[in-house]
Amino acid sequence: MHWSRAPVFGHMPPHGLRAHSVTLIDNMAWLFGGCDDHSSWRDVFCFNTETMQWTHPTVRGELPRPCRAHTATLVDRKIYVLGGGEAEVYYNDVYVFDTVTRTWYHPLSSATPEEERTCAYPPPRRAHTSVLYKNKLWVFGGGNGSRALNDLWTLDLSGGLDNLRWEAVETHAYGPNGKKPSPRGYHTSNLIGNIMVVVGGSDGWGCFSDVWCLNLDTLVWLSIKVHENYKRLSHTATQVGSYLFIYGGHDGVNYMQDMLLFNLVSLQFEPRPIAGKPPSARGYHAACLADSRLFIFGGFNGIEVFEDVHLLDLAGAAYLPQVTSFRLDLE
């Protein structure tokens with residue numbers, strides 16, 4: 001595996017990229033929102049992962065407010081943007097961007113009076129996570145500006161854009177002495193089969209090294225006992241076959257530039273040599289896997305907001321994304 005800086009060109013974002021989202025469709029990475037030292041954004045940019053060209057498409061519809069630390073989840077070539085915020089304001093809106101027609105929709109608005117809502121909305125939040133399972137978006141944790149959260153909500157998509165429905169979900173601990181994850185934001189969540197794997201995060205005071213698995217069918221949490229502990233917040237975790245590639249973030253003291261590989265079969269971290277020059281230490285970046293290359297977009301190191309793009313060529317490990325016949329054994 002080898003790191004390099006991507007030779008990008010075209011209509012690049014005119015600002016640094018922090019707490020933005022990147023959603024891959026075919027060979028196109030769709031970037032939305034984020035912030036720099038001064039402002040948050042609501043632009044959409046496209047990055048072609050084959051040609052390395054940036055473009056700035058013309059969009060229409062009801063544009064979201066400037067936003068950072070939201071989630072952007074792909075559903076049938078549409079990107080569902082949940083929550084986020086700007087400055088001291090936190091959102092619980094749902095926006096949907098149709099990448100085919102390049103049109104924004106705003107099916108659930110925080111401006112709708114409570115008595116006119118068709119369902120209860122989750123509290124506003126940012127730094128949460130979202131995964132798609134059984135035609136529902138499963139939203140976990142985040143923060144509301146005064147405290148961290150560890151609640152779980154689903155957004156049912158089965159009724160279409162005109163009938164989206166939120167529902168609070170009650171989860172359970174594993175066994176009589178089991179626990180649930182503590183409140184947190186800036187963690188990661190990945191869907192592996194029917195299991196949501198949660199790594200790290202922070203409650204605003206401490207930085208966490210724990211790994212949790214939630215069975216989305218039984219709604220039971222299980223804490224994974226790892227041999228090596230790595231505190232992380234504002235990192236990325238990208239599934240590459242039977243591994244999570246966890247890059248960067250903050251360990252509670254420093255911003256990091258290492259790549260941690262979490263084996264989803266052994267449920268342990270394992271070392272792998274990586275050549276080349278890695279991106280400088282950062283968190284609040286975004287990542288996506290395109291073919292056999294892992295892309296890192298932007299980020300922040302406590303002083304500087306980055307606009308660069310780096311890629312990790314899997315090279316000899318290029319077979320990893322093709323490893324699909326495995327399961328998490330939590331027994």
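A nonpolar core is a set of buried Ala, Val, Leu, Ile, Met, Phe, Trp, Tyr and Cys residues joined through side-chain atoms within 4.5 Å, where buried means under 20% relative accessible area, calculated with a 1.4 Å probe on protein chains only. The model toured here is predicted: local features need pLDDT of at least 70, side-chain atom pairs count only at pLDDT 80 or more, and totals for chains, interfaces and linings use all residues. Residues are numbered from 1 along each chain as its sequence is written, and side-chain values use heavy atoms, with hydrogens and water left out.

**First stop: the nonpolar cores**

Select Val-197, Ile-224, Leu-244, Ile-246, Phe-262, Leu-328 and Leu-330, which touch the most other members of the 19-residue largest nonpolar core. At least two residues of this core come from each of β20 (195-199), β21 (211-215), β22 (220-224), β24 (243-247) and β25 (259-263); such strands are DSSP runs of E, at least two residues long, numbered from the N terminus. β20 gives the most to this core, with three residues.

Next, centre the view on Ile-224. Leaving aside residues up to four places away in sequence, Ile-224 touches Val-211, Cys-213, Leu-267 and Leu-330, contact meaning heavy atoms within 4.5 Å. A second, separate core has 16 residues, including Leu-17, Ala-29, Cys-288 and Leu-311.

**Second stop: the largest pocket**

Now select Val-22, Ser-189, Asn-190, Ala-237 and Ala-287, the residues nearest the centre of the largest pocket among the 37 that line it. A pocket is an open set of points on a 1 Å grid over the protein atoms alone, where a 1.4 Å probe fits, with protein on both sides within 12 Å along at least five of seven lines; lining residues have an atom within 4 Å of a point. Strands β3 (21-25), β8 (71-75), β14 (129-133), β19 (188-192), β23 (236-240) and β28 (286-290) each supply at least two residues of this lining. With five residues, β19 gives the most to the lining of the largest pocket.

**Third stop: an open sheet**

Display β2, β6, β5, β4 and β3, which form an open sheet in that order, with mixed pairing. Two strands pair if DSSP finds at least two bridges between them. The edge strands, β2 (9-10) and β3, each pair on one side only. Strand β4 (residues 28-32) pairs with strand β5 (residues 44-48) in the antiparallel sense over five bridges. To end the tour, select Met-28 and its bridge partner in β5, Asn-48.

Technical notes: Helices (H or I, at least four residues) and strands (E, at least two) are DSSP runs, numbered from the N terminus. Buried means under 20% relative accessible area, exposed over 50%, partly exposed in between (1.4 Å probe, protein chains only).
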